[in-house]
Amino acid sequence: MDKEKESIFSKYYSYWFVLPYIIFLMVLVLFPIFTNLSLSFQTEGGFIFTNYIEAVTDSVFSKITFNSMLWTFSSVAIQITIGLCIALLLNQPVKGRPIFRTIMLVLPWATPDIVAGVAWQWMYNDMYGVLNDILVKVGLIGDYLPWLGFPNLARAAVIIANGWKGFPLAAMFFLAALQTVPVSLYEAADMDGASIWQKFLYITLPSIKPVIITTVLMTTIWSINYFPLIYTMTGGGPVNSTDTFVTFAYKEAFKFLNFNSAAAISNISFILILIISIGYSVFLFKGED
């Protein structure tokens, strides 16, 4: 019997070493999830879904939903477009390519979120910001603009800042994918007289399509959940014009101490992320088999 137990232990001994980590990870992940769900359903004698109903029927909810969708899809479009263009440029055999890669990719991505937010906030400053100074000197505007003071300008400002902060990751993914494309395909296309656009359309894009799909999905999820840059630059203002689900839930919980409402809003955000993820998977991977 002892030999049988010993053989079973020796057969599965690797799992015993991993078990404490699994238990710790489950507690670390599951406890906040159950706590969040419990808070979202706690009410003072009301209906169990009261917090969700109040969150959805709040006059600010429609604005937050619009802001979240605009923020997410605009940020993803900017990061994917710029990232792909930069990757194509950095994939060219030029001298000093490692230096350009460091400056264009590592520097923005390695900059801490809070530092990037403060830097962009100073650049957008309506009194001594460098952006206003440049635009006035080139004659595009007649006077300094409070970029973070008007709702539409503030939305555009934080989206542009997030595009600068996030495009290096997409560029690194695309650059790695471009370096796996066989050079022989481009050589054969040159022999057939294909143009640069034709090589990009019929060789480059199909070759890196799986990476593009994955990067779009990951960037979308990260953008929905992104918090530091918005809160550092605008705090969600002016008049909730830059508030997303994440920033609004944070303010509900830690500024107004309304933890139940914040929990409900965060769960609604999770449901939206889940729907978007499933939609991406169904649409983008359709026909891949």
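**Figure 1. Helices H9 and H10 where they pack against each other in the predicted model.** Helix H9, which covers residues 183–191, and helix H10, which covers residues 196–225, have axes that come within 11 Å and cross at roughly 150 degrees. Angles over 145 degrees count as roughly antiparallel, and H9 is therefore roughly antiparallel to H10. The crossing in which H9 passes H10 is right-handed. On the side of H9 the contact is made by Leu185, Tyr186, Ala189 and Asp190, while H10 contributes Lys199, Ile203 and Thr204. Sorted by class, the residues of this contact of H9 with H10 are four nonpolar, one polar and two charged.

**Figure 2. The surroundings of Lys199 in helix H10.** Lys199, which takes part in the contact between H9 and H10, has a relative accessible area of 16% and is buried, because buried means under 20%. When its neighbours within four places in sequence are left aside, Lys199 is in contact with Tyr186, Ala189, Asp190, Ala194 and Thr204. Of these partners, Tyr186, Ala189 and Asp190 are also named on the H9 side of the helix contact.

**Figure 3. Helices H4 and H10 and the residues that join them.** Helix H4, made of residues 61–90, packs with H10 at an angle of about 140 degrees, and the two axes are 10 Å apart. H4 and H10 are therefore oblique to each other, and their crossing is right-handed. From H4 the contact draws on Trp71, Thr72, Ser75, Val76, Gln79, Ile80, Leu84 and Leu88, and from H10 on Phe200, Thr204, Ile208, Thr215, Val216, Thr219, Thr220, Ser223 and Ile224. In the contact of H4 with H10 there are nine nonpolar and eight polar residues, and no charged ones. Thr204 of H10 appears in this contact, and Thr204 is also listed in the contact of H9 with H10.

**Figure 4. The loop between helices H11 and H12, with Pro238 and Val239.** Pro238 is found in the loop that runs between helix H11, residues 228–233, and helix H12, residues 245–254. The peptide bond that joins Gly237 and Pro238 is cis, with omega at about -5 degrees. Val239, placed in this loop between H11 and H12, has a phi near 55 degrees, which is a positive value in a residue other than glycine. As a background to both features, most residues other than glycine have a negative phi, and most peptide bonds are trans. Val239 counts as exposed, with a relative accessibility of 64%.

**Figure 5. Leu257 in the loop between helices H12 and H13.** Leu257 lies in the loop that leads from H12 to helix H13, the latter made of residues 259–284. Although Leu257 is not a glycine, its phi is positive, at about 55 degrees. The relative accessibility of Leu257 is 60%, and on this value Leu257 counts as exposed.

**Figure 6. The protein chain as the setting for the close-up views.** The secondary structure of the chain comes to 13 helices and zero strands. Its radius of gyration is 24 Å, well over the 19 Å that the globule rule gives for 289 residues, so the chain is more spread out than a compact globule. Taken along the principal axes, the C-alpha atoms fill a box of roughly 70 × 70 × 35 Å. Of the 289 residues, 35% count as buried. Among contacts between residues at least 6 apart in sequence, 67% join residues at least 24 apart.

How values were computed
Residues are numbered from 1 along each chain as its sequence is written. This is a predicted model: local features need pLDDT of at least 70, side-chain atom pairs count only at pLDDT 80 or more; totals for chains, interfaces and linings use all residues. Side-chain values use heavy atoms; hydrogens and water are left out. Axes are lines fitted to C-alpha atoms, for helices over the stretch in contact, and angles run from 0 to 180 degrees between N-to-C directions. Helices (H or I, at least four residues) and strands (E, at least two) are DSSP runs, numbered from the N terminus. Angles under 35 degrees count as roughly parallel, over 145 as roughly antiparallel, 65 to 115 as roughly perpendicular and the rest as oblique. A crossing is left-handed if the near helix is turned anticlockwise from the far one by less than a right angle, and right-handed if clockwise. Contact means heavy atoms within 4.5 Å. Ala, Val, Leu, Ile, Met, Phe, Trp, Tyr, Cys and Pro count as nonpolar, Asp, Glu, Lys and Arg as charged, and the others, Gly among them, as polar. Buried means under 20% relative accessible area, exposed over 50%, partly exposed in between (1.4 Å probe, protein chains only). The radius of gyration is taken over C-alpha atoms; the globule rule is 2.2 Å times the number of residues to the power 0.38.
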